[in-house]
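User: I am new to this structure and would be grateful for a close look at a single part of the chain. Please take the packing of the helices first and then set it beside some other places.

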Amino acid sequence: MAKYTTTTPEWAVSGSSAVMSGIEGIKDTTVGNINPDFTSGKFKPKRRMILSEDEFVEGVSNGDRMILSRAITLIESNNPKHFAKAQRVLQRLLPRTGKALRIGITGVPGAGKSTMIEAFGNMLCDNGHKIAVLTIDPTSSVTRGSILGDKTRMGTLSRRPEAFIRPSPAGGTLGGVARKSRETMLMCEAAGYDVIIIETVGVGQSETTVRSMVDFFMLVVLTGAGDDLQGIKKGVMELADAIVVNKADGDNLMRAKVARGEYERMLEFIRPATEGWPTHAYLASALTKTGLPELWEVIQLFKNKTTESGVFQKRRDGQLLDWMHAMIDEHLHNLFFGDAVITGRMPEIKEAVLTGVISPTQAVAELVKMFDVKRAVERQVVDIFNAH
Ligand SMILES: Nc1nc2c(ncn2[C@@H]2O[C@H](COP(=O)(O)OP(=O)(O)OP(=O)(O)O)[C@@H](O)[C@H]2O)c(=O)[nH]1
Ligand SMILES: [Mg+2]
């Protein structure tokens, strides 16, 4: 055991605080005072800097959490080289994906989503499942904060070997975040996680994005009649397969029951999000863990019913094609607006539209023509170059 000793340096004013000695045996690693274990080769850093494509594929397939983490980092990287490598790895892992149940959770900040995921996740792990928890928060540019926040809120879950928690990728457009999260989800599936939970705070468009990635989507709400209910956007209720009135515990239980009834009445006027599955409101408490086994039963029933009717697979197929279309849209958008000819001519064209010289329709036609011509010329140049 290292022993602390305290001394008072000679320059210190008498009576001032003492200085604690270092811990014996530990040296800092600033230049000139390198831990001898490093130089003697006794201590080797565990992580190799670069993993090969094969190592990624093998590591993820074997459920190696460290390699899975690094594969996700590769997916999140904005470096084109990393992008290409991540895509090759993902391509090879695709046959191992698609087997998990994908659950989305949304709700206002403080509704208790993270606490619920922690309780729910622990329950599922106890039942032999492997859970991956992802968060999507396109508004947050400081993900470090949310990592810490969620890891403490999901403290017990994050320490379990059967659970893997990964916060939202940093910054970027919602489109970029969506691609990264989708591919992260696939990586987790390839690593053997059989339940994927995606949390998003219900702001802006992120809940629509999560809905487009998951099989089952639930909205976590709080009690409070009248005014509070008005605050929930009807649009979000239309996306939900279940509404969970959380914090149905203690003094709040009665109010939660009332709120549940009100949600049930509202749901009568809303078209269910999933064909053949009536959306209902349920009571739960992430704190006392009541209602959670019942919620899992509801999700299982949903899965069985929609699998039988074919709606489950139909939704997944639709999601894949929508994803492809969204990426085509984004790609073409970037190609067009990033084109030097277009950016060069844009101010002039905008001015012409604003002064009524040309109509917006004409403006589009001209811009697209310029774009086409430029690309045709570029192709010709490449052909001529290749011919010589
Ligand atoms: N009484 C009670 N309190 C709860 C329950 N679930 C969560 N809380 C409390 O509500 C607060 C917010 O919970 P979080 O799980 O962080 O909520 P969240 O929806 O993830 O919040 P954001 O991630 O900020 O959007 C915490 O102080 C929790 O302790 C519950 O079932 N009952
Ligand atoms: Mg949270």
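Analyst: The account below begins with the helix packing and then turns to the ligand, a strand residue and two loop residues. The model is predicted, so local features need pLDDT of at least 70 and side-chain atom pairs count only at pLDDT 80 or more, while totals for chains, interfaces and linings use all residues. Residues are numbered from 1 along each chain as its sequence is written, and chains are lettered from A and ligands numbered from 1 in the order in which they are written.

The secondary structure of the chain comes to 16 helices and 9 strands; these are DSSP runs, helices being H or I of at least four residues and strands E of at least two, numbered from the N terminus.

Helix α4 (residues 80-93) and helix α3 (residues 65-76) cross at roughly 130°, and their axes come within 7 Å. Axes here are lines fitted to C-alpha atoms, for helices over the stretch in contact, and angles run from 0 to 180 degrees between N-to-C directions. That angle makes α3 oblique to α4, since angles under 35 degrees count as roughly parallel, over 145 as roughly antiparallel, 65 to 115 as roughly perpendicular and the rest as oblique. The crossing of α3 and α4 is left-handed, a term used if the near helix is turned anticlockwise from the far one by less than a right angle, with right-handed used if clockwise. On the α3 side, Ala-71, Leu-74 and Ile-75 meet His-82, Lys-85, Ala-86 and Val-89 of α4; two residues are in contact if their C-beta atoms, placed from the backbone, lie within 7 Å. By class, this contact has 5 nonpolar, 1 polar and 1 charged residues, where Ala, Val, Leu, Ile, Met, Phe, Trp, Tyr, Cys and Pro count as nonpolar, Asp, Glu, Lys and Arg as charged, and the others, Gly among them, as polar.

Helix α2 (residues 53-61) also packs with α4, at an angle of about 45° and with the axes 10 Å apart. This angle makes α2 oblique to α4, and α2 passes α4 in a right-handed crossing. Glu-53, Phe-56, Val-57, Val-60 and Ser-61 of α2 make the contact with Lys-85, Arg-88, Val-89, Arg-92 and Leu-93 of α4. Those residues divide into 5 nonpolar, 1 polar and 4 charged.

The surroundings of ligand 1 come next. Around ligand 1 there are 16 residues, of which Gly-112, Lys-113, Ser-114, Thr-115 and Leu-287 come nearest; a residue is near a molecule if its C-beta atom, placed from the backbone, lies within 6 Å of it. Helix α5 (residues 113-126) gives the most to this shell, with 3 residues. The shell divides into 5 nonpolar, 7 polar and 4 charged residues.

In strand β9 (residues 280-283) lies Ala-281. Ala-281 is buried because 22 other C-beta atoms lie within 10 Å; the cut-offs are 20 or more for buried, 12 or fewer for exposed, and partly exposed in between, with C-beta atoms placed from the backbone. Beyond its neighbours within four places in sequence, Ala-281 is in contact with Ile-243, Val-245, Arg-260, Tyr-263, Glu-264 and Leu-267.

Two lysines have positive phi. For Lys-247, phi is near 65°, and this residue lies in the loop between β8 (242-245) and α12 (253-267). Lys-289, with phi of about 65°, is in the loop between β9 and α13 (292-309). Lys-247 is buried, with 25 other C-beta atoms within 10 Å, whereas Lys-289 is partly exposed, with 15.
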